[in-house]
Amino acid sequence: MDCKQAVSLMHDLLDEDLERQCALDLKAHMLACPACRERFRQLEEAERLLYGFNHRLQPPSEDLTERIMVAIPRPQRKQSPMIAWVKRHPAITVAAVFFLVMTTSWLSMWNADKQLVVKGDQMNIIIQDDKVIVPSGQVVNGDLTIHNGKAEVHGEVKGNLTVVDGQVYQASTAHISGSVQKIDEAFDWIWYQINSLFGSSAVAP
């Protein structure tokens, strides 16, 4: 297993969606690769922070905020506007730090080695160099994601087709039941990851 493939499987490992053998291969790779091990640690940290947002973060009551502000001694000199803003908006500050960590992680994934990675049902596809072909009369069950390659669809994809940093060709015989996404820029890649993380709750700008 190479680094590019390992990075593409890390989220599935965190979600416990990998088959046992695939999970063992990924863990073995991370034991031997410090860069992938550090990237996985950052993803785990971001997942824990996100879980805290969803389950533990509650806005303080007005009474608590007032009592805390009264108890804080007034500074001898005027605070900078930035520090004052952070104290007034702690939840937004935490969210900004979380977004920065996730963006850095996703950009490092974007800049990883440009090797072909195929994610999804591979029983009825043909891989030739950097080209992934769904032959006429063949069916791919579920979503199909291709990194750094070309998708050539002649048959049927029962799900979404996502091509990251590549090309998409659909023959007249092709049928794709879900959406077709072609991601070429780092910003689009980050937004794709946000949508993957939050599901349908994230709406593209």
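This is a short tour of a predicted model, moving from the whole chain to its strands. Residues are numbered from 1 along each chain as its sequence is written. In this predicted model, local features need pLDDT of at least 70 and side-chain atom pairs count only at pLDDT 80 or more, while totals for chains, interfaces and linings use all residues, and side-chain values use heavy atoms, with hydrogens and water left out.

Begin with the whole chain, coloured by secondary structure: there are seven helices and 11 strands, taken as DSSP runs numbered from the N terminus (helices H or I, at least four residues; strands E, at least two).

Next, select β1, β5, β8 and β11, which in that order form an open sheet with mixed pairing, where two strands pair if DSSP finds at least two bridges between them. At its edges stand β1 (117-120) and β11 (180-183), each with a single partner strand, so one side of each has no neighbour in the sheet.

Within this sheet, show residues 144-147 and 161-164, the strands β5 and β8, which pair in the parallel sense over four bridges; T145 stands opposite T162 in β8.

Move then to residues 126-128 and 131-134, where β2 and β3 run antiparallel and are joined by three bridges. Q128 stands opposite K131 in β3, and the two strands form a hairpin with two residues between them, where D129 in the turn has a positive phi of about 55 degrees.

Finally, keep β3 in view and add β6 (residues 150-153), which pairs with β3 in the parallel sense over four bridges; here I133 stands opposite E152 in β6.
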